[in-house]
Amino acid sequence: RNKKQGITVELEGTNSEGDLGFGAGITYQHRNLAKSSEMLTAKLRGAYESLSGDFDGLINDRYTEFAGEVGITFPKFECPFLSKNFKKRMRASTEFAVSFVHQERPEYTRIIAGAAWKYKWTMQRRDFVKRHTYDFIDINYVRLPRSTINFIDEIAPSNPLLRYSYEDHFIMRMGYTYYRTNRRIPTATLNAFAIQPWVSTLRMSAETAGNLLYGISSIDGARRHDDAYKIFGIQFAQYVKGELDYTYTRNFNSRNALAAHIGFGVAYPYGNSSMVPFEKRFYAGGANSIRAFTVRTIGPGAYRSENSKYAYIDQTGDLKLEANVELRARLFGSLHGAVFLDAGNVWLLRDDPARPDGKFSMRTLRNIALGTGAGLRYDLDFLVLRLDFGIGLHAPYKTSRPGFYNIERFRDGFAFHFAIGYPF
């Protein structure tokens, strides 16, 4: 616990699309870098996933990702523009970080370079923990050095707005995150095996991007290109986004518990953007969402993509609503079981002719995907291995089968997911 340096290894499942995959990461930390409690953190992560589908003529049929991040955290409030007296009164830590992500798919290569400056406040008591994070500035430059001719030709004619998300662009954002939980962390004075009757966790976040760049461009009298301002010839995104996640777990005894989760998110583009960047849009389905459906196979609204190869692009939305409930039980030893019910979808805030029935309204609110299922969890104390089997009960889009249970074939409404950790 008191070691100045340490290395941790993380494993994760990437079987989010029903294809075989895995991910691994390694983190190095030095907790007293300059002998004043500064913490250096260096992370490396890699992921691989095989992709099913028709990728004839393309370079590969897999998804790979390599990412790295280096950051340094100061135990005090650091800001060059404020007085020393003010900085002493601020009980916050300061973090600076730079990151790099390289993603490879059959259709494109994408590189994301980023830099961040943020502040964190933590209030910890016996019965709860509160954390505040203020992203003072977070800059990401998204570049596509390679994209196939088929990729461009198939996307642009039918939905030019989606093509924007796969062109080079800047995201310069600032945001705030609030986190509160009463989850107890075992200590020397707290019995690690004591049953906590209930646990609740709340996370709320808000962010906005592009306002400063838009104001500078407007005041400076910059000319618009393709109806948008650009920096160094690259368009920057402008949007506002908010999210809320709440989880409640009721522990009946040492073997049985009931967990419930609700999540909501909305993102709205304006000014310099006609749509939210792909990296900031919402999607549904997958190991931590509606488990009867694989990731990005439902929504927005009642829309259903006819192009399975590029469905991951256009089955995203500006608004997301999800609800999950899960009954958990320890079977024997470290093996646990669960049965669950998941519901939710994503929607658009504006009409999109390329994605009919995708805009949110009271009518399309009825287009909720519903699924149930069961799963196994193996708890290694430091790691939880999870395998979930989801069964679809209702698809939000029209199928050839009438009625509430409209899954055309049983195998079409069946999905399995391997993941690390609990879904919520």
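Which backbone oxygen does the side chain of N345 reach at 2.7 Å? In this predicted model, the backbone oxygen in question belongs to N367. A polar atom of the N345 side chain also lies 3.0 Å from the backbone oxygen of G301. N345 is found in strand β15, which covers residues 335-347. Its relative accessible area is 0%, so N345 is buried. Residues up to four places away in sequence aside, N345 touches A284, I290, I298, G299, G301, L319, K320, L321, N367 and P396. The two residues that supply the backbone oxygens, G301 and N367, are thus both included in the list of contacts.

The protein chain as a whole has 424 residues, of which 44% are buried. Its secondary structure comes to five helices and 18 strands. Among contacts between residues at least 6 apart in sequence, 65% join residues at least 24 apart. The accessible surface amounts to about 23,000 Å², and carbon and sulfur atoms account for 58% of that surface.

In soluble globular proteins, nonpolar side chains tend to be buried together. The largest nonpolar core of the model contains 17 residues. Y239, I290, F293 and I298 have the most contacts inside this core. For I298, the contacts beyond four places in sequence are A284, G285, I290, F293, Q315, G344, N345, V346, A369, P396 and Y397. Two of the core residues named above, I290 and F293, appear in that list, and N345 in turn touches I290 and I298.

Strand β12 spans residues 239-251 and runs antiparallel to β13, to which 13 bridges join it. β12 and β13 form a hairpin, with four residues between the two strands. Within this pairing, L244 stands opposite F264 in β13. β13 also pairs with strand β14 (residues 319-332), again in the antiparallel sense, over eleven bridges. On that side F264 stands opposite L321 in β14. The covered face of β13 consists of A257, A259, H261, G263, G265, A267 and P269. The uncovered face is made up of N256, L258, A260, I262, F264, V266 and Y268. F264, which stands opposite L244 and L321, therefore belongs to the uncovered face of the strand. L321 is also one of the residues that N345 touches.

Side chains of opposite charge can pair when their charged atoms come close. The count of salt bridges in the model comes to 20. One of them is formed by R110 and E279, whose closest N and O atoms are 2.9 Å apart. This pair links distant parts of the chain, the two residues being 169 residues apart. R110 is in strand β6 (residues 108-124), and E279 is in the loop between β13 (256-269) and α5 (311-314). R110 has a relative accessible area of 5% and so counts as buried, whereas E279, at 26%, is partly exposed.

A further salt bridge joins E243 to K241, with 3.9 Å between the closest N and O atoms. E243 is partly exposed because its relative accessibility is 26%, while K241 is buried at 10%. Salt bridges that share partners also join R291, E326, R328, D342, R377, R386 and D388 into one network. In another pair, the side chains of D352 and R355 meet at 3.0 Å, N to O. Both D352 and R355 are buried.

Two other buried residues complete the description. Q235 lies in strand β11, which covers residues 234-236. With a relative accessibility of 15%, Q235 counts as buried, and its side chain reaches the backbone oxygen of N272 at 2.9 Å. L213 lies in helix α4 (residues 211-220). L213 likewise has a relative accessible area of 15% and is therefore buried. Beyond its neighbours within four places in sequence, L213 is in contact with M172, I231 and F236. L213 and M172 are 41 residues apart in sequence, and their C-alpha atoms are 8.1 Å apart in space.

Notes. Residues are numbered from 1 along each chain as its sequence is written. This is a predicted model: local features need pLDDT of at least 70, side-chain atom pairs count only at pLDDT 80 or more; totals for chains, interfaces and linings use all residues. Side-chain values use heavy atoms; hydrogens and water are left out. A nonpolar core is a set of buried Ala, Val, Leu, Ile, Met, Phe, Trp, Tyr and Cys residues joined through side-chain atoms within 4.5 Å. Buried means under 20% relative accessible area, exposed over 50%, partly exposed in between (1.4 Å probe, protein chains only). Contact means heavy atoms within 4.5 Å. A salt bridge is a side-chain nitrogen of Lys or Arg within 4 Å of a carboxyl oxygen of Asp or Glu. A polar contact is a pair of N or O atoms within 3.5 Å; within protein, one must be able to donate a hydrogen and the other to accept it, and residues adjacent in sequence count only if both atoms are side-chain atoms. Two strands pair if DSSP finds at least two bridges between them. Accessible areas come from the Shrake-Rupley method with a 1.4 Å probe; for residues, only the protein chains shown count as cover.
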